[in-house]
Every structure is written in C-alpha cells, then in structure tokens.
Amino acid sequence: MTLAIEDALSFFQLSCGRWRSQRSVHHLLHRRAEAGGSLIVVEELERTDQRLAEIAALHGQDPAGLVGGCWVRWSASMAWDKAGEDHTGESLFGLIPTDERGRSGILLRDQGYAEKTPASSEFSMDERDGLLLSTGYETMSVWERFSFSGPNVRVRSSTVEGLSNNASFCVEIRCDDVKATAPDSNSSEQRLFEAISPLGW
C-alpha cells in the first residue's frame, strides 16, 4: 500500500509525529552490516515561523519562497557504539519549491545529515510519491529516498559516498500514543529503547 501525496509539503506534514526507527547500515569498507535505531519527533513549522526566516537568511535565500518546514529531534543508538557515544540532536528544515506543483525544489537545513554544518538539498518527488533528496557536502555526497507504506509506516533508504561509504535502510513506525516531546535520556522509556538497540532523521 502506498499513499497519494500531492506535494513535498504534504509529505512533510504527514511525517509529523513521533516515530520509532529500526535501521540497518552496510559499511562498504568493513563489508559488515550494523543494526540500530532511533526515537524521532517531527513537528511542523508554519511558513511565518521566525526560525524558518533565519534558515533562509543563513543560506542566502528569499524567505518569501518558503512554504513551511519542520523541527526534528532524535535520540539513537547503534550496535557498534562505544561507551558514552551519543546520537542525540535536532535540526530545522525549510522547504522552497521551484515548480508550480510543489514536487521539486530546495530543502534548507540548519545542520546536515552527514556533516554537522548548514546544508541544502535538492528534492523531488517520483511517480510513486516518494521523496528524493540529494545533498552535497565538502567531503561526501548523500542520496536519500523516503516513502510511505501507509499513514503510520515510513521507509527510508540512503547511500553515502566520500570519506564514509555506506548504504542504509530504515523502517519507521508511528508511535503517537504518547505525547510528542523530545526524548528524555533518563526516562525508563528511553532506557528500554536503547536496550533493544534502538539514527537520526
């Protein structure tokens, strides 16, 4: 089952909520796969939100082109983590469509996925209403595809080429039965999540 999604903004709106993600990463150098996962919270930002205007200014873009965005927070762990290694963070996203249908354009971020510096991605939606992202960094390039198998199941695949070469696959399940707040690393819920080897959005 797939969903009919009109445009990229609708895709991000459907992504809002609280998610548990199970992840498998294939490290090409090591020829081994690593399991992990994350707790992800996505909140919608209106186009008038001052934080979106700040992201546009950061990238030298006209804020008038923004149609909306979101605020994403995550807490994660991976099987190869060393003691004390931390995979928590947050990021802001702003959407600027460049076509009349809103299905392609630029995605602005205050920090990137592969490098923790401001990043912009080119986005487009394919014929199956999947969202494709292409991001170039100083030392690597990242390609990602997001799609919905239903309103409460999202799938993500990605490849990273450069200093780090890997491919990953994630299945994300909506868990909005609890209040969508940032994960508390001291909570019993988070400890349980880490215990079952539950990466960022």
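These legends go with several close-up views of one predicted model.

**View 1. The whole chain, from end to end.** Let's start with the overall layout: three helices and ten strands. If you trace the sequence, the elements come in the order α-β-β-α-β-β-β-β-β-β-β-β-α. The chain has 201 residues, and 46% of them are buried. Its accessible surface adds up to about 10,200 Å², with carbon and sulfur atoms accounting for 51% of that.

**View 2. Inside the largest nonpolar core.** Here we look at a set of 21 residues. The members that touch the most other members are F11, F12, V42, V72, L107, F123 and L131. Which elements each supply at least two residues of this core? They are helix α1 (8-15) together with the strands β2 (32-45), β3 (68-78), β4 (87-97), β6 (119-125), β7 (131-136) and β8 (140-150). In soluble globular proteins, nonpolar side chains tend to be buried together.

**View 3. F11 and the residues it touches.** Now zoom in on one member of that core, F11. Leaving out residues up to four places away in sequence, F11 touches I5, M125, D129, L131, F146, S147, F148 and R154. One of these, L131, is on the list of core members with the most contacts to other members, just like F11 itself.

**View 4. A second core.** Apart from the largest core there is another one, made of nine residues. Among them are L52, A56, L66 and W71.

**View 5. A nonpolar patch on the surface.** Not every nonpolar side chain is tucked away: F169, V171 and I173 make a nonpolar surface patch of about 230 Å². F169 sits in strand β10, which covers residues 166-174. Is F169 buried, partly exposed or exposed? Its relative accessible area is 43%, so F169 counts as partly exposed.

**View 6. Two buried cysteines.** C170 has a relative accessible area of 0%, so this cysteine is buried. C175 comes in at 13%, and because the cut-off for buried is under 20%, C175 counts as buried too. How many disulfides turn up in a search of the whole structure? The search finds zero.

**View 7. G36 and Q22.** The last stop is G36, a residue of strand β2. With a relative accessible area of 1%, G36 is buried. Along the chain, G36 and Q22 are 14 residues apart, while their C-alpha atoms are separated by 6.1 Å.

Notes:
Residues numbered from 1 in each chain as written. Predicted model: local features only at pLDDT ≥ 70, side-chain atom pairs only at ≥ 80, totals over all residues. Heavy atoms only, no water. Core = buried A, V, L, I, M, F, W, Y, C linked by side-chain atoms within 4.5 Å. Buried < 20%, exposed > 50% of the residue type's maximum accessible area, 1.4 Å probe, protein only. Helix = DSSP H or I, 4+ residues; strand = E, 2+ residues; numbered from the N terminus. Contact = heavy atoms within 4.5 Å. Patch = residues over 30% accessible without salt bridge, like charges linked within 9 Å, V, L, I, M, F, W, Y side chains within 5 Å. Areas by Shrake-Rupley, 256 points an atom, 1.4 Å probe, with all protein chains shown as cover. Salt bridge = Lys/Arg side-chain N within 4 Å of Asp/Glu carboxyl O. Disulfide = S-S within 2.5 Å.
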